[in-house]
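Notebook open, viewer loaded. I'm jotting down what I look up as I go, starting from one loop and working outwards.

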Amino acid sequence: MKVLSVFGTRPEAIKMGPLVRALHAAPDIDSIVCITGQHRAMLDQVMSLFDIHPDHDLDVMVADQTLNGLCSRLFAKLDALYEQVQPDRVLVHGDTSTAMTAALAAFHRRIPVAHVEAGLRTGDLQQPWPEEMNRRVIDVVADHLFAPTDSSRYNLEQENLAGRISVTGNTVIDALKQTVERIDRDAHLRAEIDAHFPFLEPERKLLLVTGHRRENFGGGFENICRALAELAQREDLQIVYPVHLNPNVQGPVHAHLGGLDNVHLIAPQDYLNFVRLMQRAHVVLTDSGGVQEEAPALGRPVLVMRDVTERPEAVQAGVVRLVGTDPARIVAAVHAACDGPRVAAHFIADASPYGDGRASARIVAALRGEPFDEFVAAHPAPMSHTSLSELTP
């Protein structure tokens, strides 16, 4: 069976890394990897970490490209690639423009599509945008739907889709477990990573920040920066913000926070470094989807700068809280996390509601038609998305 895995961004590469390695190890699968280059430098870092060597690189990255421009280039190049490779199946992950275009281009050629991380929903096409639309399109055309959780399976069942649904857990927990084990067992590597952050002071609490969502561009990021500037007045707090390369993020972040002593604006980090920062963090403030899955598995409380989340499981368990982009709400939530008792480690990687480290093995078994036990979470979640309005008294 010839399986063509297509991905193009750093988060996709992290979550597909363990799966690609598992596919390569299967003797009866011809595993082929195509990267689109939707992200470039950040993607290459992850490929190196997981020792993945792409067979095809579409290199579609163009400065200041629009989503329509990106998708038009992807459609043309993927169509030619499918003609050349003639895959038996196309495998895509998540909700990026790369994943949506790859799935739809395969559908047009009647090539079966498998969707890893299927079934996540917010119920609002504008949040996250355009990801909510992208993943719905992929789920419509896919015949294999690999849902990470029971909540995701419920969403798919409610839509009466034609694809076969399997609950596998999320491959991000596979990646996280492998990376944490590597850091924890190698003191020299750990010291090498920590040497990248000589400015960190052990006596200060670490607030780790990530922010890059398109729906927060403009006023949202202005509000986030105002909140961080106010939080920087705490003498017991140090803020580390790996700043996304997008100019819509770089501009307001450096303008508002560039001169503050205890705010460290650093370049985007490779996955090893970022996992280490999560390990050292007291609290994580983010608008990222993947961080909502990773940080709770490390026992770190997460404050999500979005109004709605398609990942309700950790919210239900009490280690993720939606705070939106209102400065007062963000500041109050960070103060509460810093001043209250340390949030108990509800999750460890083996008991995360998002996976147990065996998602890749389950997906490979499903593709080969072999029986496997589906993932069962230790922390069941409500069968819906979670919105900020539902959490506001």
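**Entry 1: odd backbone spots.** I started at Gln86, which sits in the loop between H3 and S4. Its phi is positive, about 55°, although Gln86 is not a glycine. Buried or exposed, or something in between, for Gln86? Partly exposed, at a relative accessible area of 47%. A reminder to myself: this is a predicted model.

I then checked Asp59, another non-glycine residue with a positive phi, here about 50°. Asp59 belongs to the loop between S3 and helix H3 (67-85). Its relative accessibility is 45%, so I put Asp59 down as partly exposed.

**Entry 2: cis peptides.** Where is the peptide bond from Gln127 to Pro128 cis, in which loop does Pro128 lie? Pro128 is in the loop between S5 and H5, and omega for that cis bond is near -10°. I found Pro130 in the loop between S5 and H5 too. The bond from Trp129 to Pro130 is also cis, with omega near 5°.

**Entry 3: the sheet.** I traced an open sheet of seven strands, paired in parallel, in the order S3-S2-S1-S4-S5-S6-S7. Strand S3 (56-57) and strand S7 (164-167) are the edges; each has a single partner strand, so one side of each lacks a neighbour in the sheet.

Next I went through some pairings. Six bridges link strand S1 (residues 2-7) to strand S2 (residues 30-35), in the parallel sense. Phe7 has Ile35 of S2 as its bridge partner. Further along, S5 and S6 run parallel and are joined by three bridges. Ala114 is bridged to His144 in S6.

I also looked at both faces of S6. In a regular strand the side chains alternate between the two faces of the sheet. In S6, His144 and Phe146 are buried on one side, and Leu145 and Ala147 are buried on the other, so both faces are covered.

**Entry 4: helices against the sheet.** Which residues of helix H5 (residues 131-141) are buried? I listed Glu131, Glu132, Asn134, Arg135, Ile138, Asp139 and Val141. Their cover includes strand S4 (89-93), H4, strand S5 (113-116), strand S6 (144-147) and helix H6 (150-158).

I picked Thr98 in helix H4 (residues 97-108) for a closer look. Thr98 has a relative accessible area of 0%, so I count it as buried. Beyond its neighbours within four places in sequence, Thr98 contacts Val6, Phe7, Gly8, Glu12, Thr36, Gln38 and Leu74. Phe7 is the residue I had just seen bridged to Ile35.

Then Asp44, in helix H2 (residues 41-49). Asp44 is partly exposed, at 36% relative accessibility. I took its C-alpha distance to Tyr354: 26 Å, with the two positions 310 residues apart in sequence terms.

**Entry 5: the whole protein.** Zooming out, I counted 16 helices and 15 strands. The C-alpha trace spans about 60 × 45 × 45 Å along its principal axes. The radius of gyration is 20 Å, which agrees with the value near 21 Å for a compact globule of 393 residues.

Of those 393 residues, 59% are buried. Among contacts between residues at least 6 apart in sequence, 68% join residues at least 24 apart. The exposed area is about 15,500 Å², with carbon and sulfur atoms supplying 50% of it. On charges, I noted 36 positive and 51 negative side chains, the centres of the two sets lying 1 Å apart.

Notes: Residues are numbered from 1 along each chain as its sequence is written. This is a predicted model: local features need pLDDT of at least 70, side-chain atom pairs count only at pLDDT 80 or more; totals for chains, interfaces and linings use all residues. Side-chain values use heavy atoms; hydrogens and water are left out. Helices (H or I, at least four residues) and strands (E, at least two) are DSSP runs, numbered from the N terminus. The radius of gyration is taken over C-alpha atoms; the globule rule is 2.2 Å times the number of residues to the power 0.38. Buried means under 20% relative accessible area, exposed over 50%, partly exposed in between (1.4 Å probe, protein chains only). Contact means heavy atoms within 4.5 Å. Accessible areas come from the Shrake-Rupley method with a 1.4 Å probe; for residues, only the protein chains shown count as cover. Lys and Arg count as positive and Asp and Glu as negative; His and the chain ends are not counted. The place of a charge is taken as NZ of Lys, CZ of Arg, CG of Asp or CD of Glu. Two strands pair if DSSP finds at least two bridges between them.
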